[in-house]
Amino acid sequence: GALFAHPLGTFAYRFRYRDDGAFGPCGDEALILANLCVRRGVFLQAGGFDERLYPNEENELIDRLRGEGGTFIRDPELVVRRPHRGSLRALARQMWTYGRGRATQTRVSPSLRSITKAGMAIALAVGPLIGWLIWATVGMTQPWVGAASTVLGPTHAAILLLAALWTAASDQRPSRLLLFPLFWLCHAAYGAGIAFGLLVPLRRSQVHESITVERLSPDQAQPVSNDATTATEAS
C-alpha cells in the first residue's frame, strides 16, 4: 500500500491509492475500476468496455468518454479497501500485468498521451540499468562517459534510497526502508510488461462463461472474502 501510494511508486497514479487530494474533475490517473461509477445510459451508449483489454479496460473507457466531452470526478472520500499481493513474485506479476495492459491500450487506441506514458515507463525501467552498465565498464576509462552515465545509474539509485529513508523517518516505520528495493521491482516489472505488450498479437480477452450477474437486495448481499482469489472470482 505504501509503495502504490508513493509518488515514486506509481507517480501520477498514486491518487488511486490515497484518500487525500482534491475533489473535482480528473482522468484515469486518479480513478480505478474497484470504485468507479458510470451512468448506465452513458456506459451502454459507449459500447461498454473494450474486451481486448485486461487490465486497463477502465483507462480506455475513461479516455474515450473524456474525448467525447464526458467528465469524471474524483471523490477522495469514496474509498474501497482491498488486500494487496502477499509475495514479491505476485507483486512483480501484478505490475507486469499493469504494464502489459498499458501497452495494449496504447495499441488499441493510440494517442500522444498513451504513447508518451509507455515510452517513459520503458525508459524508467531500462535507463538506470543501462546507466549502471556504462558506469561500470566504459565509465571507468572515459571520465565524461562515466559522469553522464552517473545520472542514469547511481543518481537514480540515490533518489530512490533517499525517498525510502525520508518515508521511513516521516512515518516512523523502519519497514518503509523496504520501499527502496520495491521501487526497483515495481518499475522493472511494469516496463517489462509494456515491452511485452507492444510485441504480442492483440486478441480479445477470454470471457468467463461461468460468471453470472445477479441483482441482490441490501439484506441479501454478503461481504466478499478477503482472499484475493475469491474476491477476483466474485467480481
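The following dialogue works through salt bridges, a helix contact and a few single residues in a predicted model.

Student: Which residues are linked with D28 in a network of salt bridges?
Tutor: In this predicted model, the side chains of D28 and R102 meet in a salt bridge with an N to O distance of 3.4 Å. The side chains of K117 and D28 also meet in a salt bridge, at 3.8 Å from N to O. With D28 taking part in both pairs, the residues linked with D28 in the network are R102 and K117.

Student: How many residues apart along the chain are K117 and D28, and where does each lie?
Tutor: D28 sits in the loop between strand 1 and helix 3, whereas K117 belongs to helix 6. The pair therefore links distant parts of the chain, and the separation is 89 residues.

Student: Where is R102, and how many residues lie between the positions of D28 and R102 as a separation along the chain?
Tutor: R102 is in helix 5, which covers residues 88-108, while D28 is in the loop between strand 1 (24-26) and helix 3 (40-45). This salt bridge, too, links distant parts of the chain, with D28 and R102 placed apart by 74 residues.

Student: Is K117 buried or partly exposed?
Tutor: For the partners of K117 in the network, D28 has a relative accessibility of 0% and so counts as buried, and R102, at 2%, counts as buried as well. Buried requires a relative accessible area under 20%, and K117 has 23%, so K117 is partly exposed.

Student: What is the N to O distance in the salt bridge of R176 and D171, and how do the two residues stand in accessibility?
Tutor: R176 is buried because its relative accessible area is 18%, under the 20% cut-off. D171, with a relative accessible area of 36%, is partly exposed. Their side chains meet in a salt bridge whose N to O distance is 3.1 Å.

Student: What term describes helix 6 relative to helix 8?
Tutor: The axes of helix 6 (residues 112-136) and helix 8 (residues 154-171) come within 8 Å and cross at roughly 125 degrees. An angle of 65 to 115 degrees would count as roughly perpendicular and one over 145 as roughly antiparallel, so helix 6 is, relative to helix 8, oblique.

Student: Which residues of helix 8 make the contact with helix 6?
Tutor: On the side of helix 6, the contact is made by L124, P128, W132 and W135. By class, the contact has six nonpolar residues, one polar residue and no charged residues. The residues contributed by helix 8 are P154, H156 and A157.

Student: What distance separates the C-alpha atoms of L161 and L178?
Tutor: L161 is found in helix 8, and with a relative accessibility of 37% L161 counts as partly exposed. L161 and L178 are 17 residues apart along the chain, and their C-alpha atoms are separated by 9.6 Å.

Student: Which residue's side chain does a polar contact join to that of D50?
Tutor: D50 has its place in the loop between helix 3 and helix 4 (57-67), and D50 is buried, with a relative accessible area of 15%. Leaving aside neighbours within four places in sequence, D50 is in contact with E57, E60, R64 and V108. The polar contact, at 2.8 Å, joins the side chain of D50 to that of R52.

Definitions and conventions:
Residues numbered from 1 in each chain as written. Predicted model: local features only at pLDDT ≥ 70, side-chain atom pairs only at ≥ 80, totals over all residues. Heavy atoms only, no water. Axes fitted to C-alpha atoms, helices over the stretch in contact; angles between N-to-C directions. Helix = DSSP H or I, 4+ residues; strand = E, 2+ residues; numbered from the N terminus. Parallel < 35°, antiparallel > 145°, perpendicular 65-115°, else oblique. Contact = heavy atoms within 4.5 Å. Nonpolar A, V, L, I, M, F, W, Y, C, P; charged D, E, K, R; others polar. Buried < 20%, exposed > 50% of the residue type's maximum accessible area, 1.4 Å probe, protein only. Salt bridge = Lys/Arg side-chain N within 4 Å of Asp/Glu carboxyl O. Polar contact = N/O pair within 3.5 Å; in protein donor to acceptor, adjacent residues only side chain to side chain.
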